[in-house]
Amino acid sequence: MAGTLQPAAAALPAVESASLAAAFVTALRRAGLSCSPDRAVRLAEALRLIPPSDAGKLYWACRVVLVSSREQLPVFDAVFSAVFRGGFDPAARSGSPAAAAAPPPGGPEQARTRPSPAEDRAPGQAPPQARTAPAVASAGPDGGDRNTPGREAVLAMASTEERLHQMSFAQLSDAEVREIRRLASRLLLATPRRLSRRTRKSEHSSARLDVRATVRAARRSGTDTTRLLYARRREQRRKLVMLCDVSGSMEPYARVFVSLLQGAVATAGAEAFVFSTRLTRLTRQLALRDPDEALARAAEAAPDWAGGTRIAESIRHFVDEHGRRGVARGAVVVIFSDGWAQEDPAQVAAQMARLRRLAHRIIWVNPRKSAPGYQPLAGGMAAAMPYCDAFVSGHNYTALAEVASAIRGNGQPLRKERGNS
Amino acid sequence: MTTAARTGAEEDVQRRIPDVAALISALDRNDYLADVGLATALFLAVRLPQPILLEGEAGVGKTEAAKALAQLLDTPLYRLQCYEGIDAGEALYEWNHQRQLLGIRLAEVRDASVTETDLYSPEYLLRRPLLQAIEHPGPRPAVLLLDEIDRADAEFEAFTFELLAEAAVTIPELGTIRATHPPIVILTSNRTRDLHDALTRRCLYHWIDYPGPERIAEIVRRRVPASSGQLALQAAAVITKLRTLDLAKAPGISEAIDWVSALAVLGIGQIDATTAEQTLGAVVKNRDDLELVGARGAEWLVAGTGG
């Protein structure tokens, strides 16, 4: 018989495996991993099938059942080794439920920096951890009017804040920044359309004949084919990807741009990333409905906020980890950066070339462009220019209109050397 | 123990896969080398049973794992390659309208009468992978592979899961088809988008790590029987070395297999600087990467790999 009995000492009784599962899931939840209670049930079942006779078996059974993405692995590993003291060390062999029932790890650093589950916290309230986030996270509770029916706020709309619209973001007071951020997150961003693989019914005979639909229709009216139905490819908006430089030199602008990113994620289904010394994906954090909460989460997730800049490295990371997988293919990519980096310009050019081969359009938003007499000569910026389809400033609210228009695709076709500047 | 809250796997399956170690050796007999992590994941997927989501770099053997599992259970593998805009007609079933029309015309010619039930009989049904997997008569459940689920639309993802949870399909003209042996479901994803929480909640998850050189060599030996063990080891060492470079497209296991096959066809028994340079196109498939490797030189590549 293949089904030999496990050593009796190794197999945990059902009750114990259930309490072990529950305790471990609780420890994971406290460390910030989203583990629903039904996972504990599943883990108890798994441990019945795979008696945890050594730490390796226990580890793999727990990991397969409780982890749901690669990003969770570091936290999971830290909690596992803290709870079961010793991780893979066979000498530790501590499948004992006593260890699992012990208070959650005070140690693992990763566990600390993770945001705790949303439900543990009142909406809009600051997370318990100390934040090192700058201005973006500091908005007060006055954003309460964000439910005003002004979702389609149009740029050209004349408002009492005309002056505000013309002022560079760098000159705004904190209160004004708050107002601008509210407006920026409401900007409607729309990418150009492309043909999708999906079809829709069409009356025009120029489209492809849809035999299936025709027969289905004929079946309803009788057996004879009376009316021909056609299908044409449906149009779909291109994907929108936004990469925002949040290094020190960009700080006055980044606080507004991140709001723009947030609006884009919420309304246009954009993918959002920030970078300074390294790249951080913020789509998940920014997808929260509460903008202040979203920005606070974003600041937590990107610990190098307001640090130095490594543009080439960040773009390389983006292309390798996200762009090539499909995020950037055929997409409109918007980069918000002043192009000041401590890197070899040749590196920037090489990475921009890779991005260029994936993306449909690349739009570079550089607030320094508004300065009188500015020429994109600084190393990184000059290297990136040949790969950009549009180069706009976006330094004040009115200039954001240029960004929106460049995303729609009515910008100056920079690369074709047409136009006057 | 047999009276668990849930039914668990069928007895026949339980007998074939009694524990993780048995699964590893059974996969091994089917020329698939699984480490204990992957084997645990597949074991739980079969025995709980629960759908499993496999992720990992391209070419680490996600699809192969499903094939090997189907082979060792001696059961068919139904594979659904997902893509943007895939719908129920392509995934589940569709009526063969052309044949139905033809049937009507034939009946007219022969002066036979055709009723609607004739036209909507199972012979006019085009069965797509999801329906095939659910209809599978046994004796053991089929393996259903939903490849690259992240390419399909989110709505399709939800639809599929609803269907698999029910393990039944209702076709208005035919009635409800209930699975006698609900399929073992394996999903793969390339992480082009976040999968829906509802999906990840229902699935087991395993990230397949890139294997070390010894394991690559072992896989290559299995897949290219014509090659010598020495050659496989050497190729694995070179590929592991290449992966330390910052390549745009790092070579994977499939490249190792291609390369050793190419060398075997060319009758080359050992990799040296010259042969490596000549056949590099089987491994490095990007101009920038070729330049990067070229800058290091073929000598560096084969140094210390036993060549």
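**Exercise 1. A strand in the middle of things**

Task: In strand 8 of chain B, which residue is the bridge partner of Val143(B), and is strand 5 of chain B largely enclosed or left open?

Solution. Let's go step by step, keeping in mind that this is a predicted model.

Step 1. Look for Val143(B) and cross over to strand 8 of chain B: the bridge partner there is Ile184(B).

Step 2. Widen the view to the two strands. Strand 5 and strand 8 (residues 184-189) of chain B run parallel and are joined by 4 bridges.

Step 3. Now turn to strand 2 (residues 77-81) of chain B. It pairs with strand 5 of chain B over 5 bridges, in the parallel sense. Here Tyr78(B) stands opposite Leu144(B) of strand 5.

Step 4. As a reminder, strands of a sheet pair through backbone hydrogen bonds, either parallel or antiparallel.

Step 5. Strand 5 of chain B covers residues 143-147, and 4 of its 5 residues are buried, so the rest of the structure largely encloses this strand.

**Exercise 2. A hairpin**

Task: How many residues lie between strand 6 and strand 7 of chain B in their hairpin?

Solution.

Step 1. Find strand 6 (residues 168-171) and strand 7 (residues 175-178) of chain B; they run antiparallel, with 4 bridges joining them.

Step 2. Check one pair: Ala168(B) stands opposite Arg178(B) of strand 7.

Step 3. Follow the chain from one strand to the other. There are 3 residues between them, and the two strands form a hairpin.

**Exercise 3. The edges of a sheet**

Task: Which strands stand at the edges of the open sheet with the order 1-3-2 in chain A, and why is one side of each left without a neighbour?

Solution.

Step 1. Read the order: this open sheet of chain A has 3 strands, arranged 1-3-2, with antiparallel pairing.

Step 2. The edge strands are strand 1 (193-202) and strand 2 (208-209) of chain A; each has a single partner strand, so one of its sides has no neighbour in the sheet.

Step 3. Take a look at one of these pairings. Strand 2 of chain A is joined by 2 bridges to strand 3 (residues 230-237), and the two run antiparallel. Leu209(A) has Tyr230(A) as its bridge partner in strand 3 of chain A.

**Exercise 4. Where the chains meet**

Task: Which helix of chain B supplies the largest share of the side that touches chain A?

Solution.

Step 1. Start with the totals: 29 residues of chain A are in contact with 33 residues of chain B.

Step 2. List the elements of chain B that give at least two residues each to this side: helix 2 (20-29), helix 3 (36-47), helix 6 (97-109), helix 10 (197-202) and strand 9 (204-208).

Step 3. Pick out the largest share: helix 3 of chain B, with 7 residues.

Step 4. Sort this side of chain B by residue type, and you get 16 nonpolar, 11 polar and 6 charged residues.

**Exercise 5. The nonpolar cores**

Task: Which residues touch the most other members of the largest nonpolar core?

Solution.

Step 1. This core has 89 residues, and the ones touching the most other members are Leu44(B) and Val143(B). Helix 3 (residues 55-66) of chain A provides the largest share of the core, 9 residues.

Step 2. Look around Leu44(B), skipping its neighbours within four places in sequence. Its contacts are Ala46(A), Leu49(A), Ala61(A), Val64(A), Val65(A), Gln50(B) and Leu204(B).

Step 3. Another core, of 71 residues, lies apart from it; its members include Cys244(A), Val265(A), Leu286(A) and Ala328(A).

Step 4. A handy background idea: in soluble globular proteins, nonpolar side chains tend to be buried together.

**Exercise 6. Buried or exposed?**

Task: Is Ile407(A) buried or exposed?

Solution.

Step 1. Find Ile407(A) in helix 16 (residues 397-408) of chain A.

Step 2. Count its surroundings: 27 other C-beta atoms lie within 10 Å. A residue is buried at 20 or more, so Ile407(A) is buried.

Step 3. See what it touches beyond four places in sequence: Leu189(A), Thr191(A), Leu240(A), Val332(A), Val334(A) and Ile363(A).

Step 4. Compare sequence with space: Arg361(A) is 46 residues from Ile407(A) in sequence, with 8.4 Å between their C-alpha atoms.

Methods: Residues are numbered from 1 along each chain as its sequence is written. Chains are lettered from A and ligands numbered from 1 in the order in which they are written. This is a predicted model: local features need pLDDT of at least 70, side-chain atom pairs count only at pLDDT 80 or more; totals for chains, interfaces and linings use all residues. Two residues are in contact if their C-beta atoms, placed from the backbone, lie within 7 Å. Ala, Val, Leu, Ile, Met, Phe, Trp, Tyr, Cys and Pro count as nonpolar, Asp, Glu, Lys and Arg as charged, and the others, Gly among them, as polar. Two strands pair if DSSP finds at least two bridges between them. A residue is buried if 20 or more other C-beta atoms lie within 10 Å of its own, exposed if 12 or fewer, and partly exposed in between; C-beta atoms are placed from the backbone. A nonpolar core is a set of buried Ala, Val, Leu, Ile, Met, Phe, Trp, Tyr and Cys residues joined through C-beta atoms within 7 Å.
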